[in-house]
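Visitor: I'd like a quick tour of this fold, with the reasoning spelled out. Can we go through it together?

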Amino acid sequence: MVNEIINYNLSLQGQLELLNSYDILFSCIETVVFVIVKLPTLPKTLEGVISKEKFKKSRAYSLDKIYFHFLHGFVTILMDSAILLYGVLPWFWKKSCDTLESIGFDSENEMYHTLAFLAGVMIWSQLTNLPFSLYSTFLIEERHSFNKQTILLFFRDMIKSMFLAVVIGPPVVVAIILIVHKGGPYLAIYLWGFMFVLSLVMMTIYLVLIAPLFNKFTPLPDGMLRSKIENLASSLSFPLKKLFVVDGSTRSIHTCIVLKNYLFFTLH
């Protein structure tokens, strides 16, 4: 089974290279579009709507984000190209097999092997993305006075995210493997149905179980704001059930509003 999967990964090499070529092409297109639309002065259509000072600050922030996006994208393309060129994924798959054997697990068990491989990929992804996340949060956002997140909170969120991936990921992966083995000619339909149900479940539990792990939600007190929101929801036939204030300002001063069966506001 292991050899079959390695051969399958190798057979996908050409397809992965093609996808990487598309990434390079779209990055070039984004660069051309950026050069065309970069505006040094306030457009006439915005005169009187926002001040020149606000436009200048907004433009500076947007340019910093765009430059960072290009740099991140360029480094990602280089890394992906190196992974394809040197066959890192098949090597990683083999190493995950060796790791399982060294700790006493059955490396021929497809589920164990797949989970070990994905765990390694997740750790690699976290390590390679960490410098960019730190730079974006504590340099770009800090430079423009948007960041309110501390280093401790940053790493605490990262650890919580990894913990959730460890808890939620394995059952999903195991279910997909079982569907692949048992799906037969209706594999695509079964996978689509599973992912559809999973997305509905995740949307439901996110607001109830996952989001409170990262933010504090307190009921919006009675008052003019609550009355206006309830009246607006009623006029639009929106199924508003509860109103919460989210302490999103502990990480950023960007305003965020999420509409769902619950309605969350980030207030500053």
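What follows is a set of questions and answers on the overall make-up, the helix packing and a few single residues.

Visitor: Let's start with the basics. How many helices and strands does the protein have?
Guide: Keep in mind that this is a predicted model. Reading from the N terminus, the elements run α-α-α-α-α-α-α-β-α-β-β-β. Tallied up, that's eight helices and four strands.

Visitor: Which share of the 268 residues is buried?
Guide: The cut-off here is a relative accessible area under 20%. For the surface as a whole, the accessible area comes to about 18200 Å², and 69% of that belongs to carbon and sulfur atoms. Of the 268 residues in the protein, the buried share is 25%.

Visitor: And what percentage of the contacts with a separation of 6 or more comes from residues 24 or more positions apart?
Guide: A contact here means heavy atoms within 4.5 Å. Taking the contacts in the protein with a separation of 6 or more, the part from residues 24 or more positions apart is 56%.

Visitor: On to packing. How are H3 and H5 oriented to each other, roughly parallel or roughly antiparallel?
Guide: Two packed helices are described by the angle between their axes and the distance between the axes. For H3 (residues 52-85) and H5 (residues 110-143), the axes are 11 Å apart and the angle is about 170°. Angles over 145 degrees count as roughly antiparallel. H3 and H5 are therefore roughly antiparallel.

Visitor: Which hand does the crossing of H3 and H5 have, and how do the residues of their contact divide by class?
Guide: H3 passes H5 in a right-handed crossing. On the H3 side the contact includes Tyr-61, Asp-64, Lys-65 and Phe-68, and on the H5 side Trp-124, Thr-128, Asn-129 and Phe-132 are among the residues involved. Sorted by class, the residues of this contact divide into nine nonpolar, four polar and four charged.

Visitor: What about H5 and H6, how many residues of each class are in their contact?
Guide: The axes of H5 and H6 (residues 151-182) come within 10 Å and cross at roughly 150°, so H5 and H6 are roughly antiparallel to each other. H5 passes H6 in a right-handed crossing. By class, their contact has 19 nonpolar, five polar and one charged residues.

Visitor: How does H4 lie relative to H5?
Guide: H4 and H5 have their axes 9 Å apart and pack at an angle of about 120°. That angle falls outside the 65 to 115 range for roughly perpendicular and isn't over 145 either. So H4 is oblique to H5.

Visitor: Which classes make up the contact of H4 with H5?
Guide: H4 passes H5 in a right-handed crossing. Leu-89, Phe-92, Trp-93, Ser-96, Cys-97 and Leu-100 of H4 are the residues that meet H5. Tyr-112, His-113, Thr-114, Ala-116, Phe-117, Gly-120 and Val-121 sit on the H5 side. The class count is nine nonpolar, four polar and no charged residues.

Visitor: Is Ser-96 buried or exposed, and which residues is it in contact with?
Guide: Ser-96 sits in H4 (residues 88-102). Its relative accessibility is 6%, so Ser-96 counts as buried. Leaving aside neighbours within four places in sequence, Ser-96 is in contact with His-113, Ala-116 and Phe-117.

Visitor: Then Ile-210: how far is it in space from Lys-160?
Guide: Ile-210 belongs to H7 (residues 187-210), and it counts as buried because its relative accessibility is 10%. Beyond its neighbours within four places in sequence, its contacts are Leu-164, Ile-168, Met-202 and Ile-205. Ile-210 and Lys-160 are 50 residues apart in sequence, while their C-alpha to C-alpha distance is 9.7 Å.

Visitor: Now some backbone oddities. What is the phi of Ser-145?
Guide: Ser-145 lies in the loop between H5 and H6. With 54% relative accessibility, it counts as exposed, because the cut-off for that is over 50%. Although Ser-145 is not a glycine, its phi is positive, at about 65°.

Visitor: And where is phi for Ser-237?
Guide: Ser-237 is in the loop between H8 (224-235) and E2 (243-246). At 65% relative accessibility, Ser-237 counts as exposed. Its phi is a positive value in a residue other than glycine, near 60°.

Notes
Residues numbered from 1 in each chain as written. Predicted model: local features only at pLDDT ≥ 70, side-chain atom pairs only at ≥ 80, totals over all residues. Heavy atoms only, no water. Axes fitted to C-alpha atoms, helices over the stretch in contact; angles between N-to-C directions. Helix = DSSP H or I, 4+ residues; strand = E, 2+ residues; numbered from the N terminus. Parallel < 35°, antiparallel > 145°, perpendicular 65-115°, else oblique. Left-handed = near helix turned anticlockwise from the far one by under 90°. Nonpolar A, V, L, I, M, F, W, Y, C, P; charged D, E, K, R; others polar. Buried < 20%, exposed > 50% of the residue type's maximum accessible area, 1.4 Å probe, protein only. Areas by Shrake-Rupley, 256 points an atom, 1.4 Å probe, with all protein chains shown as cover.
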